[in-house]
Every structure is written in structure tokens, then in C-alpha cells.
Amino acid sequence: MSTFLYKLGKSAYSKPWYFIVSWIALLGIVLAILGINGIHVTSDMKIEGTESQKVLDQLTAELPEASGGQASIVFTALEGESLNTPERLNAINEAVNEVYKLEYVINPIELAAQAGASMTDAAAQGSQTAQGEAAAGSTQGAAGELPPYGPLMIDGVPVPGVMIASDSSVALFQFQFTVQQMSLPEWVPDSVIDAVMTVEKTGITALPSDSLSTKPAIGSTEAIGIAVAAVVLFMTLGSVVAAGLPLLTALIGVGISVGGAFAFSNIFHMTDLTPVLALMVGLAVGIDYSLFIVNRQRRMILEQGISAQEAASRAVGTAGSAVFFAGLTVIIALCGMVVIGIGFLSAMALVAAVAVLANVLVALTLLPALLGLVGERICSAKARTKNSTPSGKNPNGFAHRWVSGVVKGRWAIIVAVIVILGAAAIPAAKMEMGIPSGATANFDTTARQSYDAISDGFGEGFNGPLLLVAEPQGSSEAITMETLGALVQELQQHDNVSVVTPMGVNETGDMAIISLIPKTGPTDKETKDLVQELRSNDSSMSTSHGVKIGVTGFTAINIDMSSKLAEVFPIYVIIIVILSIIILLLVFRSIIVPIKATVGFLLSILATFGMTTAVFQWGWVHDLFGFDTGGPLLSFMPIMVTGILYGLAMDYQVFLVSSMRESYVHGHHGKESVIHGYDQASRVVVAAAIIMVSVFAGFIFAHDIMIKQIGFALAIGILIDAFFVRMALVPAVMAVFGDKAWWLPKWLDRLLPNLDVEGDKLLAQLKEQERAGNAKTHLRKAR
């Protein structure tokens, strides 16, 4: 591998424009396809096979008019004022009618006119009876209390879909789309918001729900991380030219990979978080991989005095080999998510893996081509002069003193790191999974204001209605009006049920649709318990009425998604552990190193989840990170972060420990090989870690809470793994084992291929060629 990469680097350096033009052409093709196909992303994160998705699919097939997504608008008056004035009531009524005229919005009046085609007369009558009771204010909960709300009435006629609080300070407009929100064209939510905003001329505030809010977007805060990365690159490489190359190559790699994902988003399912994640990972690894190669080239020029061309070729052959295997590790870790079988998660992982692959190829081909244009200017005259003087070489710098101290106090360091990371991991035991909603949005957002207004005026459960589908347990039975009415009455008496409304029965009478609003919020444990109770075939409701109940709706979908992801997470961790041991066994040809690296990663990932739970669920130092309220962690975040952090942690493992192995192979033994290898690699690994943390941290200050959580988890995870595990725990453990760390059974040594990550075969071949060349030169002179 190293010999092939050496030749590739030499070719790219000597013929730079072939490679540069090729990459620019590829970027142009991607942009052209993007211009033709456009961008097609969705917020749909469904998981096939879950109970809620099965019910939704059934509704879509049999009663499509009942399977669409729900949304809501809250109308509020100023403090001390009322909505119950003729002008304001008419304004609300006009706004509601405008919404019902929009395409993709179900008009309940038209639906009622068509009820005979899709519902039995008995079910329609039951629905009308329930509406009449609500209008009279007689619908009661389990405690027998009258609800503090009722339908909004104008001239004795209820406005369809609108309820008003008893103090007339807030009204709730709930309506349904013909399809799920994630399948709506972008103009539909915008048109809904434009229609309802007309009420503001009468002094009413209209607050769209979270389902109508804008989707996650890439903002200006991400540039902060790139700016920090630029500063670190300049400090590490010592020149603007050298520092600019990793940034340039990373941006090109990200442009091709993320642009390509957008360009082909019309032929595969891509969520709106997918390109954000690919951008995060692509920028981080792209900068780091190029940094490793440029830093190795500069070291060879300054320390060995060879030409820039030869140094670039050797850097691609040696550091490039480590880049290749480090990138391969990240790609394998990401592709491992496909095994789990969750569609949207597989798409996210594959797009991120393509971003890593693009940046690996860019680092191995485009970077040496750009180095060919820069030539000997990669090292300034000042840097060459400084390195040639004794004062310019400091073998006893901070890194040397640090690793010497770590090796000396290795047992104390091992215990300290385990205790610190173990303490940081404690909050992870209380980690709750979910999908962030309006309840966790910032106070100044319309999504949060809408959520709070609904909770105050009607109850928190109105933010997450459930859709129930009741079917007879016997195949030949039908659901009668009496059965439906009795079921609705029993549901209404449940302690955690606020409102139950029958929506109808299909023509054959084998499916009844019921809307149920819990008293508790969408992410509360009590709501999850209610959903599980309703689905149970052994519950009193199912057995006494001879029906089986399915539950769907946005709240139920999120509950099922979180449960499914929590269920498959341990499986993915096992996959990661097995991959870790196999890959590191191949790379380092050692038994101890893979086990030690895997244990270190598990420590860092547990500490990462603990810190993320403390900050985003418990709300620790929330002001520092720009959010107001803690809440559940993003349900797919643990799997995604584990895969990415594993790959990136192995990057540092490969670069740091391969340097120690290189020292061991070249004659340093025991603690000396640990110290010497650390001296050679630690500076660039620290710089790479700071860059990666900076890039991820830039996403923490995005407006969307989901992007915040992923950015924070990746940033804190890299910080923990790089500085606690790789910079402290790794040299301490390696010092404990000494030369035994490189032990490998002879039978296994014969079976494993020699990947030559350190480039020993390449360097030996180059030295042999150099000796042969010198011999020929002496022979010619002798003649």
C-alpha cells in the first residue's frame, strides 16, 4: 500500500494539473447535476415495522383521508384582552376558511358532505353527538370536572376545528393535511402561515406549531469552527500557504460529497439533517487528513533535508497510508449502521461515509498536486533557518515533559482517567431518548410560544394528539355504533385522557378511527405508558369491547422510534467492538493494542453520553450553549455519534500508536519507544483534535436543537477521547506493557497480511535504491 501511494503522490506532484483539473471537473459536474435536479430533502424519519408505522400504512391504504399529518395554530390576545370580540372572531373565521381552501389541507365541511362514501351513518352520528356535547361544555374527564375550553362559536355556529379557552384569551385551530408533513411541498406550510397572519391586524398574535416551523439549516455559526481551524493550522504549520492547503482540500471534498448528496437527493430518501451531518464529518476529517500529510512532508524537508517533491511523495506513502486506513475505519464504522436496517439512519451514515471517502481521495491525490504547485515554498526560509540551528530543535519541549511524566506516573494516570471518565458517564444512566419538540425550543421562538400557549389554555396533551384505530378481534365481526360509543366513553374515563372524539368507521365496519388527546405532554413518560396500555390486547378496553387498538400520530411515531433505536443500540455497540478489534489487529499486528484501544473508546463514549445528558437533558450550563430548556436527547444521536466518534477516535489511535510502533521497529524499546513515538506524533494529533473540536463546536450554536446536540456530543467526545484517552491513557498503558504491547502469536502473525501502515517496506526500498544509486556513482567516478 505505501509503495503504491508513494508512486501516486509522486505522479500527482510532478503532473499537478492532470489531478487538479480532474477534481475541478468533478465538482463542476456535481454542481451541474444539482442545478438540473434541484434539492429534495424531507423531515421524514420513519422506521418501518414499528406499531405506529404499521397503523399509518394501513390508514394510508384504506382511509387515506385519515392518514395525513396534523398541525395547529394558536391565536392569543394581549394580556388582559379577549379574543371574543366581533372583529377578532371574524378575523379568525376568515383566516381558518383561507387555510381550508389551500391544497393539501382537509376541509372538514367538505369531508362531512362526503361522509356517506367513507363512513357509516352511525359513526357520523356518533361524531356529531360528541361535538354537540363539547359545545354544551358537558364532556367530562375521569374526575368529573368540566374542561376549561369549548368550540369557538360565531352566531351560534361552531367554527370547524377551532377551540377557545374559557377566559377567551387563547384559541386553538387544529387541522389535518392530506399527507404527512414531511411529504408536503415547501410552499404549503408557508401558505398556511401567510393565511393566519392576517389576524394580526386586529391585535391577535398567531403562533404556528412546531410542525410548521422551518427545518434545520446550516447557518453562519459553522464558520466560527473553520476560523479556529485556520488559526490552529497556521500555528502548527507555520505559514499561510501550508495552512491554507488543508482548508482548501477539505472544502473541495465537502463540496463534492455534500453537493453530490443534494444532486441525487431526488432518487433516494434524504432527511434534512443528513447533509448537515456530512458537512460536520467531512470538514473535520478533510482538514485533519491533509494536515497529517502536509506536516509529515514539512518534517522530512526540515529534518532530513530532502527535496519538497521527494518529501511529498514519501509523506503520501507513509502518512498517506495511515490516512487511508484511518478513513477506512471511519467508513466501516458508518456503514455498520446499515446492518441495523433503519432506512433514514442508513442514508445518513452512507452520505457521511461518502464525505469521508471523498476527503481521503482528495488528501491522497489533489493535495500532492497542490503541493506540486507550491514546490519548495511549503517551508519558508525562516523555518529552514530556525530548524538548522540548535536552538530551533527542542527535544525537551512540553510534549516530551508531559509524556515522560505520564510514563513515570503511569498507574496514577490510568486510575485518574478511569475515575474522571467514569464520573462523567454517570448521567448517561438517566438518558432519555425522544425527538425534540416545541417544549424544548427557545422561549423566543414561535414553536415554543405556541407550545406554552396550548399547554396553558388547553393542557399539554393538546400538543401531541394520538390517532387510534380500532378493529374487531374477530374477523367476521363489525364495529357498531354502540361498540364505538361505549369504547369512547371508557377511553374518556382514563386518568390520563383529556378529550376523545370518534372520527368515524369505514364502510365495511371493520375499522373505527378515534382522536385522543392525553393530559400529559408528547415526551412525558405517562404518555408513553398510555400508548403501551392502549395497544395491549389484554387491556380492559380491548377485551370488554372485543377490539384491538392501534395507535399512531406524530407522538406515537416518536415514542416507537426512540424505543426501536434504544433496542438496536447495544447491537451496534457490539458491531463496533468487533470491528475495532479486527481492524486494529490488522493495522498494528498486536493483541494488546486493539483491546486497549477498544476499552479506551468505550470509556470516552460513555463519558460523552453522560456529559451530553447533563447539558441537554438536565440543562446544565444551558445559557452557555444558547438554549433555554432541557429535554430528551435526539433518539438516533447515540448510534450516530458512536459510529462517528469510533471512527475518529481510531484516527488518533492509528496516528499516535503507529508512531510508537515505528519507533519500536527502528530500535527503540520499552518506555523509550513510547516517549519517542509520542514526541513525533503528539503535536500534530493535538492540532488535529483541536481543529476537529472547533469544527464540531461551531454547530453547537446553530438554532436547531438537534444540530446543537449532535455538534456538542461530537465536540465533547473528541475532546475527551483525544486528550484524556489518547494523550494520557494510551501512553500510560503502553508504558505498562512495554515491548509486550507488540506481542502477536506466531500462528496469527503468519495468517495476517502485513499492511505496512508505517511505510517500513517503502523506506527500506528507497534506501536500497539510494545505496544502489550511490554505488553506480562511485563506479562511474572510479572509471
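User: Helices (H or I, at least four residues) and strands (E, at least two) are DSSP runs, numbered from the N terminus. How many helices and strands does the chain have?

Analyst: Heads up: this is a predicted model, where local features need pLDDT of at least 70, side-chain atom pairs count only at pLDDT 80 or more, and totals for chains, interfaces and linings use all residues. Residues are numbered from 1 along each chain as its sequence is written, and side-chain values use heavy atoms, with hydrogens and water left out. Going along the chain, you get 27 helices and 11 strands.

User: What share of the residues in the chain is buried?

Analyst: Buried means under 20% relative accessible area, exposed means over 50%, and partly exposed is in between (1.4 Å probe, protein chains only). Among the 783 residues of the chain, the buried share is 56%.

User: Where does helix 12 bend?

Analyst: Helix 12 covers residues 308–335, and 23 of its 28 residues are buried, so the rest of the structure largely encloses it. A bend is the angle between axes fitted to the seven residues ending at a residue and the seven starting there. For helix 12 that angle is about 40°, and the spot is G320.

User: Which residue forms a salt bridge with E310?

Analyst: Side chains of opposite charge can pair when their charged atoms come close. A salt bridge here is a side-chain nitrogen of Lys or Arg within 4 Å of a carboxyl oxygen of Asp or Glu. For E310, the closest N and O atoms are 3.9 Å apart, and its partner is K10.

User: How many residues apart in sequence are the parts that E310 and K10 tie together?

Analyst: E310 is buried at 17% relative accessibility, while K10 is partly exposed at 33%. These two also belong to a network of salt bridges with R314. E310 sits in helix 12 and K10 in helix 1 (residues 2–14), so the pair joins parts whose spacing in sequence is 300 residues.

User: In which helix do D452 and R448 lie?

Analyst: Their side chains meet in a salt bridge, 3.1 Å from N to O. D452 is partly exposed at 28%, whereas R448 is buried at 8%. Being 4 residues apart, they are separated by about one helical turn, and their home is helix 17.

User: Which helix gives the most to the nonpolar patch?

Analyst: Patches are made of residues with over 30% relative accessible area and no salt bridge, joining like charges within 9 Å and nonpolar side chains (Val, Leu, Ile, Met, Phe, Trp, Tyr) within 5 Å. V231, F234, M235 and V240 form this one, sharing about 430 Å² of accessible area (Shrake-Rupley method, 1.4 Å probe; for residues, only the protein chains shown count as cover). One of them, M235, is exposed at 60%. With 3 residues from its 222–237 stretch, the top contributor is helix 9.

User: Is S168 buried or exposed?

Analyst: S168 has phi near 60°, a positive value in a residue other than glycine. You'll find S168 in the loop between strand 3 (157–165) and strand 4 (170–176). Its relative accessible area is 12%, so S168 counts as buried.

User: Which residues is S290 in contact with, leaving aside its neighbours within four places in sequence?

Analyst: S290 is part of helix 11, residues 274–304. At 1% relative accessibility, S290 is buried. Taking contact as heavy atoms within 4.5 Å, and skipping those neighbours, S290 meets P246, T249, A363 and L367.
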